[in-house]
Amino acid sequence: MVIECPQCAAKYQYSEDRFDGKPNKKIRCSKCQTVFDVKNPSYAASAAAAHEVPSSEERFDSTVARRGGAYIAPESGATAQAKVPPRTTDKIEAGPKLPEDKRYSLAILDGPDAGKVFRIETTKTVIGRSAGDLILNDIEASRSHACVEVRDPAVLLYDMESTNGTMVGGEKITGAVELYNHAEFQIGTTTIMLIVTEAD
């Protein structure tokens, strides 16, 4: 191998056998007398191989366990099965959907948004002044005021801890209340009707 003095750039031929298996050796430049370290390339290569990072397949293989920063093979038998969980291939099921044979809408009968009709597209519809699916221009409505939830065949209405409450039949509701087709409820100064129709 060829080594170079970092001070005067003098080059020398140096045999790797002179390292005697050590990681480096101190050499004195015969030209400028500077003492400098020379690294053993064979030692560096063997050290890198010993600390080689496992491949992506090894890292994610369920038969390889990681402990204390090192990758090791698991114990055999029941102990290994308990420590290394099997891979899961089950698909995640989609959330609940609206029934295909019905259409749900919320018609605003009275209040600042009177005349508007909101089509329910998901099983949960949040109604509020500034957050949710159906936004009301009603200053007496809370930010997230109430929620209409379709749980076929039932439709439930519940208050979301609003300031003024949600009214059905002139009374504040507590907990979930079931709504039927053409049922009305009040949020602030807004009156809303649930409309359920058959799908086309």
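In this predicted model, D138 sits in the loop that links β10 (134–135) to β11 (146–151). The residue is buried but takes part in no salt bridge. R129 carries the nearest side chain of opposite charge, and that side chain is 8.1 Å away, whereas a salt bridge would need the charged atoms within 4 Å. What the D138 side chain does have is polar company. One of its polar atoms lies 2.8 Å from the backbone nitrogen of T189, and a polar contact of 2.7 Å links the D138 side chain to that of T190. Leaving aside residues up to four places away in sequence, D138 touches P112, R129, I187, G188, T189 and T190. Of these, G188 also turns up in the turn of the β16–β17 hairpin, described further below.

E149, in strand β11, makes a useful companion case. With a relative accessible area of 10%, E149 counts as buried because the cut-off is under 20%. Its side chain makes a polar contact of 3.0 Å with the side chain of R151, and another, at 3.5 Å, with the side chain of Y158. Once residues up to four places away in sequence are set aside, the residues touched by E149 are T123, K124, A154, V155, L156 and Y158. Y158 thus appears both among these contacts and as a polar partner of E149.

Turning to the sheet, six strands line up in the order β8-β7-β17-β16-β13-β14. The sheet is open and its pairing is antiparallel. Its edges are β8 (117–119) and β14 (171–172), each of which pairs on one side only.

Starting from the β8 edge, β7 (residues 102–110) and β8 run antiparallel and are joined by 3 bridges. Across this pairing, S105 faces R119 of β8. The two strands form a hairpin with 6 residues between them, and here G111 adopts a positive phi near 115 degrees.

On to the next pair in the sheet order: β7 and β17 (residues 190–198) are antiparallel partners over 8 bridges. Two of the facing positions can be picked out here. I108 stands opposite I192 of β17, while K102 stands opposite E198 of that strand.

β17 also pairs with β16 (residues 184–187), again in the antiparallel sense, this time over 4 bridges. E184 is set opposite M193 in β17. Just 2 residues separate β16 from β17 in their hairpin, and G188 in the turn has a positive phi of about 60 degrees. This is the same G188 that is among the contacts of D138, and T190, the polar partner of the D138 side chain, falls within the residue range of β17.

A few spots in the backbone also deserve a look. Most residues other than glycine have a negative phi, and most peptide bonds are trans. Q33 has a phi near 70 degrees, a positive value in a residue that is not a glycine. Q33 lies in the loop between β3 (24–28) and β4 (35–39) and is classed as partly exposed because its relative accessibility is 44%. E161, likewise not a glycine, has a positive phi of about 55 degrees. The loop holding E161 runs between β12 and β13 (166–168), and at 79% relative accessibility the residue counts as exposed.

The peptide bond between D152 and P153 is cis, with omega about 10 degrees. P153 belongs to the loop between β11 and β12 (154–159), and β11 is the strand that holds E149. Among the contacts of E149 are A154, V155, L156 and Y158, which fall within the residue range of β12.

Notes. Residues are numbered from 1 along each chain as its sequence is written. This is a predicted model: local features need pLDDT of at least 70, side-chain atom pairs count only at pLDDT 80 or more; totals for chains, interfaces and linings use all residues. Side-chain values use heavy atoms; hydrogens and water are left out. Buried means under 20% relative accessible area, exposed over 50%, partly exposed in between (1.4 Å probe, protein chains only). Lys and Arg count as positive and Asp and Glu as negative; His and the chain ends are not counted. A polar contact is a pair of N or O atoms within 3.5 Å; within protein, one must be able to donate a hydrogen and the other to accept it, and residues adjacent in sequence count only if both atoms are side-chain atoms. Contact means heavy atoms within 4.5 Å. Two strands pair if DSSP finds at least two bridges between them.
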